[in-house]
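Colleague: I am new to reading protein models, and I would like to understand the words people use for them. Could we go through one together?

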Amino acid sequence: MEEHAPRFNLSIVSSDVEVGGARLSAEYALSDEEIAIAHWWVLINCEEVKYWKELHLSFPEVDGDLEYHNMTFANYFRTWMDMIKSDDNPNWSHELILLAMQPQRARVYPTCTVNGVKFVSEERDNRRRTQNYGVMAKGHGLHYYGVLYSVVELVYAEGMKVHLFKCRWFDTGAQSMKMDQYGNLSVNTATSAYEDDPFVFATSVKQVFYLDDLVRGDAWKIANIVHPRNIYRAATLGVTIPGPEADTYQEPNAVGIHDVATVRENNVKHGRVLRIRDEDSTFIDVDPNEETDDDSDDELRHRLPDINSDTEEDSSDDSDYEP
């Protein structure tokens, strides 16, 4: 984080996120349509925007129609922020004005450290000895498992930044996720879903590493949620937030997961359709004293196989990639 970077009083803006790494290839750049989708996703999942979202849904012309709401809310929100900025409305803030103006640019990175935990994009991580691309996001009564495709930094006016993970989510259907008698969750990584809904806040995911499922084999992987210990918020300790060169928590690598082309071919073969995730945007702080939600977490821990192949280490270049 820059020494004199401005601070913004908005729940989705976090100083616990550090992006970096050598730039990804041009194929990872967000299109204008993807930037618009990412901005829409930020709006509907921002706690400070909740009042305006519910107000819009109550309009007679909207009448709870979510499709119409999703199509028109961003424009309504920007108009409202412009109209009431001088009316002392308690649900208005300068940060919401900046958010309503839409991103000025979108930068894409391969690596990101969130409160001391390092995430690396799948493409970059496949060349490393450690595995840092697995992600899990909590929904309403459902957990979504996937891999990190890229780290997205949306830059709004005055340098306000919102960090998202663009993910490739696995199918959550009963045929693609299996729990054994010991509480081990196995995921079919040759499937995918929610391709129209790939984004999640960088601060609202937990890291996962995937192990071979020796019973089901092939693309089935046991998902093990990482619970790093002795990692604290730097602000709590009163110390400087570490830069990308600092030591971060990492997990040893396991075998690879099917690429996008293979996954899509598999989806077509089995007639799977796209779905939208029911996202729970609760932000997660890593607490070393936190009790796990799942009694079976300790049973999910396995010794990882030794990988002796030569690997290429990730570059530490922190240059911005602006498509």
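Modeller: Gladly; we will take the words one at a time and set each value against its cut-off.

Colleague: What kind of model is this, and how many helices and strands are in the protein chain?

Modeller: This is a predicted model. The protein chain contains seven helices and 14 strands. Of its 323 residues, 48% count as buried.

Colleague: How do you know where the confidence is lowest and where it is highest?

Modeller: We look at the pLDDT, which runs from 0 to 100. Helix α6 (residues 234-237) has the lowest confidence, with a mean of 38, while strand β8 (residues 161-169) has the highest, at 96. Over residues 260-276 the pLDDT is below 50, and over residues 281-323 it also stays under 50. For the chain, the average is 75, and 68% of the residues score at least 70. Where pLDDT is low, the predicted coordinates should not be read in detail.

Colleague: Let us turn to single residues. Why is Gln-131 called buried?

Modeller: Buried means under 20% relative accessible area. Gln-131 has 0% relative accessibility, so Gln-131 counts as buried. This residue is found in strand β5 (residues 130-131).

Colleague: What makes the link between the side chain of Gln-131 and the backbone nitrogen of Tyr-210 a polar contact?

Modeller: The cut-off for such a pair of N or O atoms is 3.5 Å. The side chain of Gln-131 reaches the backbone nitrogen of Tyr-210 at 2.8 Å, so the distance is within 3.5 Å.

Colleague: Why does Lys-206 count as buried or exposed?

Modeller: Lys-206 has a relative accessible area of 10%, which is under 20%, so Lys-206 is buried. Lys-206 belongs to strand β12 (residues 205-212). In space, the C-alpha atoms of Lys-206 and Ala-137 are 6.6 Å apart, although 69 residues separate the two in sequence.

Colleague: Now the aromatic rings. Why is the pair of Tyr-28 and Tyr-149 called tilted?

Modeller: The structure holds 11 aromatic pairs. For Tyr-28 and Tyr-149, the ring centres are 4.7 Å apart and the planes are at 35°. Planes under 30 degrees apart count as stacked and those over 60 as edge-to-face, so a pair at 35° is tilted. The pair links distant parts of the chain, 121 residues apart: Tyr-28 is in the loop between β1 (17-20) and α1 (32-44), and Tyr-149 is in strand β7 (residues 143-155).

Colleague: What makes Tyr-28 buried and Tyr-149 partly exposed?

Modeller: Tyr-28 has a relative accessible area of 7%, under the 20% cut-off, so Tyr-28 is buried. Tyr-149 has 22%, which falls between 20% and 50%, so Tyr-149 is partly exposed.

Colleague: And why is the pair of Phe-73 and Phe-77 called stacked?

Modeller: The planes of Phe-73 and Phe-77 are at 25°, under 30 degrees, so the pair is stacked. Their ring centres are 5.7 Å apart. Both residues lie in helix α3 (residues 66-84), four residues apart, or about one turn of the helix. Phe-73 is buried at 1% relative accessibility, and Phe-77 is buried at 0%. Phe-77 is also among the residues with the most contacts inside the largest nonpolar core, which has 58 residues.

Colleague: Which residues does Ala-202 touch, and how do you know that Ala-202 is buried?

Modeller: Leaving out residues up to four places away in sequence, Ala-202 touches Val-114, His-163, Leu-164 and Phe-165. At 1% relative accessibility, under 20%, Ala-202 counts as buried. Ala-202 lies in the loop between β11 (199-201) and β12.

Colleague: One last topic: what is the phi of Asp-63, and why is Asp-63 called exposed?

Modeller: Asp-63 has a positive phi of about 50° although it is not a glycine. Most residues other than glycine have a negative phi. Exposed means over 50%, and Asp-63 has 65% relative accessibility, so Asp-63 counts as exposed. Asp-63 sits in the loop between α2 (50-57) and α3.

Colleague: Why does Glu-158 count as partly exposed?

Modeller: Glu-158 has 48% relative accessibility, between 20% and 50%, so Glu-158 counts as partly exposed. The phi of Glu-158 is positive, about 65°, although it is not a glycine. Glu-158 is placed in the loop between β7 and β8.

Technical notes. Residues are numbered from 1 along each chain as its sequence is written. This is a predicted model: local features need pLDDT of at least 70, side-chain atom pairs count only at pLDDT 80 or more; totals for chains, interfaces and linings use all residues. Side-chain values use heavy atoms; hydrogens and water are left out. Helices (H or I, at least four residues) and strands (E, at least two) are DSSP runs, numbered from the N terminus. Buried means under 20% relative accessible area, exposed over 50%, partly exposed in between (1.4 Å probe, protein chains only). pLDDT is the predictor's confidence in each residue, from 0 to 100. Contact means heavy atoms within 4.5 Å. A polar contact is a pair of N or O atoms within 3.5 Å; within protein, one must be able to donate a hydrogen and the other to accept it, and residues adjacent in sequence count only if both atoms are side-chain atoms. A nonpolar core is a set of buried Ala, Val, Leu, Ile, Met, Phe, Trp, Tyr and Cys residues joined through side-chain atoms within 4.5 Å. Rings of Phe, Tyr and Trp (its six-membered ring) pair if their centres lie within 6.5 Å; planes under 30 degrees apart count as stacked, over 60 as edge-to-face and the rest as tilted.
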